[in-house]
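Colleague: I am new to this structure and would like to understand the reasoning behind the words used for it. Could we go through it together, with the sequence and the model in view?

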Amino acid sequence: MLFSPYPKVKREELFDREKELKEIEEAVKRGERLLLLLGPRRIGKSSILNVALSELPYPSVKVDVRKVYSEYSSVNRYIIGKMLLSALRGRKRLFEEARMFLEKVKGVRISGVNIEINPKGFSLAELLEVLNEYGSEKGRIIIAFDEAQYLRFGGATRYDGIIAYAIDNLENLTFILTGSEVGLLYDFLKFEDPKAPLFGRYHHDIFIQRFSSDMSLEFLMAGFREAGVEVERRELEKAVEELDGIPGWLALYGYIRVTKKLNHEDCMLEVIKEASSIVNKELSRLFSYSPRYRFILKAIALGYSRWRDIKDYLTLKVGPINDANFSKLLDNLVKHGYVERRDGRYVITDPVLRKVLSL
Ligand code: ADP
Ligand code: MG
């Protein structure tokens with residue numbers, strides 16, 4: 001269903017994105033080893049990734065790093081190793097085929113459907129080497145890390161080093177990393193730092209864009225048609241104007257309207273209510289580091305866009321803060337993808353986020 005409020009898996013549920021899927025397919029078939037899918041939350045990265053993986057003619061394994069981090073509060077190499085193996089196990093035929101390779105990895109024990117990793121002697125690089133061997137039989141193996149910026153919490157496990165090793169030596173592996181927090185992902189991968197393992201490595205970055213107004217309207221029309229619900233075009237145009245081409249919000253609008261049978265105005269109120277709970281959950285960790293983040297976001301949501309004006313607002317609300325500390329908080333919001341810097345001004349470009357944060 002086009003409006004389903006979960007990341008899409010099948011091509012027929014995904015509206016458009018032909019160009020992006022083609023670009024991924026061609027890059028992988030060319031043998032590129034590192035692809036990045038970048039863009040703000042709810043733009044459709046996970047959906048595009050899932051559909052691409054389901055259509056490419058190579059085996060793939062995917063780990064949702066954000067989910068792993070929130071469940072285990074860690075992404076050390078045993079957990080990620082286990083997740084990679086579990087992702088394989090979830091795909092029966094693949095697992096059976098790969099099994100004889102996987103059994104070679106030190107510290108890995110497979111009995112029936114059970115996989116155990118004994119921390120002693122287990123090396124993620126060795127697991128990748130073995131997958132590379134399997135990949136030479138299959139043409140290639142794709143290893144996807146969704147929300148890969150969370151790999152920075154690897155502790156003693158340096159994923160940038162492991163990925164660099166794989167890119168240099170394991171020719172049958174392609175890594176696809178997605179990231180909503182684009183600044184954090186680049187900070188973690190450090191392509192431009194001469195002392196960092198990934199320095200100077202080739203990476204193919206694909207920035208996922210919003211839908212244009214026309215495409216947004218087409219998406220809504222196609223979704224309502226599919227659901228057999230008649231909606232006035234004028235209302236859809238209003239929805240497009242208010243949600244501004246962000247597929248996640250458009251899908252949520254459609255989903256709520258179809259399932260709750262609401263009119264446009266009531267549906268919009270529901271979208272904002274739902275969005276508010278989603279966004280506050282996403283921001284809760286950041287707010288727990290510093291409650292000042294909330295006020296900075298509110299200032300920007302209210303339309304303050306200059307460094308000085310935002311700082312004045314913050315000072316008025318919660319008291320003084322020095323320039324360096326304030327800049328750090330502001331930069332962090334940019335790196336997390338909540339705020340954008342345009343021509344020296346700070347803005348929240350997602351209209352729903354702006355609305356939710358200004359309340
Ligand atoms: P991201 O990973 O960038 O945060 P998701 O892939 O999770 O985005 O998509 C957010 C929401 O928007 C999901 O509910 C998904 O179903 C919907 N969505 C995103 N892109 C599309 C699309 N091209 N067609 C239909 N629904 C989409
Ligand atoms: Mg995602």
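Colleague: From which domains does the shell around ligand 1 draw at least three residues each?

Modeller: Bearing in mind that this is a predicted model, the shell draws at least three residues from domain 1 (17-207) and at least three from domain 2 (211-284). In total 22 residues surround ligand 1, and the closest are Tyr6, Lys8, Arg42, Lys45 and Ser47.

Colleague: What makes a residue count as near ligand 1?

Modeller: One of its heavy atoms has to lie within 4 Å of the ligand. By kind, the residues of the shell divide into 11 nonpolar, five polar and six charged.

Colleague: What makes the pairing of Ser47 with ligand 1 a polar contact?

Modeller: An N or O atom in the side chain of Ser47 is 2.6 Å from an oxygen atom of the ligand, and the cut-off for such a pair is 3.5 Å, so the pair qualifies. The backbone takes part as well: a backbone N or O atom of Ser4 lies 3.1 Å from an oxygen atom of ligand 1, and a polar backbone atom of Pro5 is 3.4 Å from an oxygen atom of the ligand. Taken alone, ligand 1 exposes 550 Å², of which the protein buries 93%.

Colleague: Which elements give two or more residues to that shell?

Modeller: They are helix H2 (45-55) and helix H11 (247-260), and H2 provides the largest share, three residues.

Colleague: Staying with H11, why is Arg257 called buried?

Modeller: Arg257, which is found in helix H11, has a relative accessible area of 9%, and buried means under 20%, so the word applies to Arg257. The side chain of Arg257 also makes a polar contact with the side chain of Glu235, at 2.7 Å.

Colleague: How do you know whether Asn132 is buried or exposed?

Modeller: The relative accessible area of Asn132 is 11%, and since the limit for buried is under 20%, Asn132 is buried. Asn132 is found in helix H6 (residues 124-138); from Asn132 to Ile348 there are 216 residues in sequence and 42 Å in space, C-alpha to C-alpha.

Colleague: What makes the phi of Asp16 worth pointing out?

Modeller: Most residues other than glycine have a negative phi. Asp16 is not a glycine, yet its phi is near 55°, a positive value. Asp16 is placed in the segment before helix H1 (18-29).

Colleague: And why does Asp16 count as partly exposed?

Modeller: Its relative accessibility is 31%, and partly exposed covers what lies between the 20% limit for buried and the 50% limit for exposed, so Asp16 belongs in that class.

Colleague: Which class does Glu147 fall into, and why?

Modeller: Glu147 has a relative accessibility of 3%, and buried means under 20%, so Glu147 counts as buried. Glu147 too has a positive phi, of about 55°, although it is not a glycine, and it is found in the loop between strand S5 (141-146) and helix H7 (159-169).

Colleague: Which residues does UniProt list for "domain: ATPase"?

Modeller: The unreviewed UniProt entry lists residues 14-250 under that name; over residues 14-250 the chain is 50% helix and 15% strand, and the end C-alpha atoms are 13 Å apart. For "domain: MCM C-terminal", the unreviewed entry in UniProt lists residues 290-343, where the chain is 65% helix and 6% strand, with the end C-alpha atoms 27 Å apart.

Conventions
Residues are numbered from 1 along each chain as its sequence is written. Chains are lettered from A and ligands numbered from 1 in the order in which they are written. This is a predicted model: local features need pLDDT of at least 70, side-chain atom pairs count only at pLDDT 80 or more; totals for chains, interfaces and linings use all residues. Side-chain values use heavy atoms; hydrogens and water are left out. UniProt positions are given in the numbering used here, feature names are shortened, and annotations may be inferred rather than shown by experiment. Helices (H or I, at least four residues) and strands (E, at least two) are DSSP runs, numbered from the N terminus. A polar contact is a pair of N or O atoms within 3.5 Å; within protein, one must be able to donate a hydrogen and the other to accept it, and residues adjacent in sequence count only if both atoms are side-chain atoms. Accessible areas come from the Shrake-Rupley method with a 1.4 Å probe; for residues, only the protein chains shown count as cover. Ala, Val, Leu, Ile, Met, Phe, Trp, Tyr, Cys and Pro count as nonpolar, Asp, Glu, Lys and Arg as charged, and the others, Gly among them, as polar. Domain bounds come from an automatic or database domain assignment. Buried means under 20% relative accessible area, exposed over 50%, partly exposed in between (1.4 Å probe, protein chains only).
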